[in-house]
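Here are some notes from going through the model. Have a look at the structure first, then read on.

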Amino acid sequence: MRRKTCLVLTVGVLLAYYVYTPFPDNIEEPWRLGYLDALMRTVRNLATLAEVLGISHFMSTIHFLSSFEEVSPASDENITVTETAFNNIPVRIYVPKRKSETLRRGLFYIHGGGWCLGSNAMFGYDLLSRWTADSLDAVVISTNYRLAPKYHFPVQFEDVYNSLRWFLRKDVLEKYGVDPERTGISGDSAGGNLAAAVTQQLLNDPDVKIKLKIQALIYPALQALDMDLPSYRENAHSPVLPKSFMVRFWSEYITTDRALEEAMLAKQHVPVESSHLFKFVNWSSLLPEKFKKGHTYYSPTLGGSELAKKYPGFLDVRAAPLLAEDSMLHGLPMTYVITCQYDVLRDDGLMYVSRLRNAGVQVTHNHVEDGFHGAFSIPLLKVGHRLKNHYISWLNKNL
C-alpha cells in the first residue's frame, strides 16, 4: 500500500512538473494554458519520436493527430453549411438562414497551421466561421489549401489565390447573395500570411474586377529573413509556438531539406546578393520604441548562395509579404492587424503595421498585452473571446 501511494505521488509530481509552465503575471487562466501547452508539447514529442524512428514525417504525425478535431459540415438553426470547390479547391460556405432584404457581406477566411497543418473542418475554425456568419449576417467562405510536407511553396499560395479569384467572380457572388462592394479577406498565422500575400497579388491582377474592401490579419507570419527579432528573442520558448517550431514551419513551407532549417536557425540562410531585402524588415527602424527596449540591433549575418538558389521561395514576396515595395503597399485596402505580446510573430505584425501606415494605408492595430499565439482560434479561453469580439466589432463597422 505504501509503495502504491509513493508511486501515485511520484507520478503526480512528475505530471505536475511536466504540465506546469511559468507564465507572465498578466496571463489569464494560466493553468488552462499550461495544460494546452503540455498537450501540444506531447504531440510534438510524439511526432519527433515517430520521425526519428522512421515511422512518419514530423508534420504528417501532427496533422494526423490534429485531424481528430475535425467536424462535419452540419447546418444548425442559424447557419446553413455546405461544402463545394472553388476552382478545384475545397471550401466550406456558411450562409445565415434568416432572410435578408439586401445583399450580404462576404468574408473569405484562411486557416492557420504553418502551411503544414490544419483545415477548415477543425472545430475551432468551424465554430469561428459560424459565429462570424451569424454575428455579421455575412456569407463566410472558409478555404482549404494543399499542405506541406507533400506540397511546398508556391502551391499553398496558388491554391488560396485561385480559390479567392473564383469567389470574386460576379456570378459566384450573385449565387451566394454577396455584395461585391463589401468583400473582405482574413486569416490567422500562416493563414494571415496567405491573406496578406494574395491581397497584394490581387492589386496587379487585371482579370479580377472586384476588389477587396478590407483585410484582417491575425498574428500573421510575414517574413523569414530575420528570426532574431525582439519577439523571437523574448518568446523563444513561449507556449504553443516556440521559435524552433516556427522555424521548422517556415523551412517545411519551402522544402523538406533540413539544411534550410539549420541555416535559418544559424542566421545564415540569406545570401549576400539579397542583403538589400533587410531594409524591409529592419526592426530598429520599424518597431515602436517600447518593443525595442532592452534589445540591440545587429547587422544581418549573411550566408552563401547555394540554399537560396535551390530554394528561393523564402525570398519571394508571395511567401514573405513584408518584402513588398512601398509602391505595392500603397494600394492595399483598409487593414486590421492583431498582434500578441507573447508570440514570436508579434514583430512581423508590428513591422507590417508601420510599413502600411507609412504607405498611407488605413490600419487598425489591436495589440493584446496578455495574448499569445493561437489564442484567437482556441475555444474556451477568455482572452480568445476578447480577441474575437474586437475582431467582429471591427468587421461589423468596416466590412
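A residue counts as buried here when its relative accessible area is under 20%. Keep in mind that this is a predicted model.

1. Start with helix 4, residues 123-136. By the cut-off above, its buried residues are Gly124, Tyr125, Asp126, Leu128, Ser129, Arg130, Thr132, Ala133 and Leu136. Their packing partners are strand 1 (79-86), strand 2 (89-96), strand 3 (104-110), strand 4 (138-143), strand 5 (178-188) and helix 16 (382-398).

2. The geometry of helix 4 looks unremarkable: its 14 residues reach 20 Å from first C-alpha to last, close to the 20 Å expected at 1.5 Å a residue. Right after the helix comes Asp137, with a positive phi near 50 degrees.

3. Now helix 3 (58-66). Phe58, Met59, Thr61, Ile62 and Ser66 are buried there. They sit on the same side of helix 3, because the arc they cover around the axis is only 160 degrees. Helix 2 (30-52) and helix 9 (243-254) are among the elements covering them.

4. Which residue of helix 9 pairs with Phe58 of helix 3? That would be Phe245, and since the two lie in different helices, the pair ties together parts 187 residues apart in sequence. The structure holds 16 aromatic pairs. In the Phe58–Phe245 case the ring centres are 6.0 Å apart and the planes are at 90 degrees, so the pair is edge-to-face. Phe58 has 5% relative accessibility and therefore counts as buried; Phe245, at 8%, counts as buried too.

5. On to the nonpolar cores. The largest has 90 residues, and Met246 and Trp250 have the most contacts inside it. Setting aside neighbours within four places in sequence, Met246 is in contact with Trp115, Ala221, Tyr232, Leu241, Val344 and Leu345. There is also a second, separate core of 33 residues, including Met122, Ile338, Tyr342 and Tyr391. As background, nonpolar side chains tend to be buried together in soluble globular proteins.

6. A few ring details to check on screen. Phe86, Phe108, Phe167 and Tyr176 are linked into a cluster by ring pairs. Two arginines also have their charged ends over rings: Arg169 sits over Trp166, 4.0 Å from the ring centre, and Arg146 sits over Tyr151, 5.0 Å from the ring centre.

Notes: Residues numbered from 1 in each chain as written. Predicted model: local features only at pLDDT ≥ 70, side-chain atom pairs only at ≥ 80, totals over all residues. Heavy atoms only, no water. Buried < 20%, exposed > 50% of the residue type's maximum accessible area, 1.4 Å probe, protein only. Helix = DSSP H or I, 4+ residues; strand = E, 2+ residues; numbered from the N terminus. Arc of directions from axis to C-beta. Contact = heavy atoms within 4.5 Å. Core = buried A, V, L, I, M, F, W, Y, C linked by side-chain atoms within 4.5 Å. Phe/Tyr/Trp six-rings, centres within 6.5 Å; stacked < 30°, edge-to-face > 60°. Lys NZ or Arg CZ within 6 Å of the ring centre and 35° of its normal. Expected span 1.5 Å × (residues − 1).
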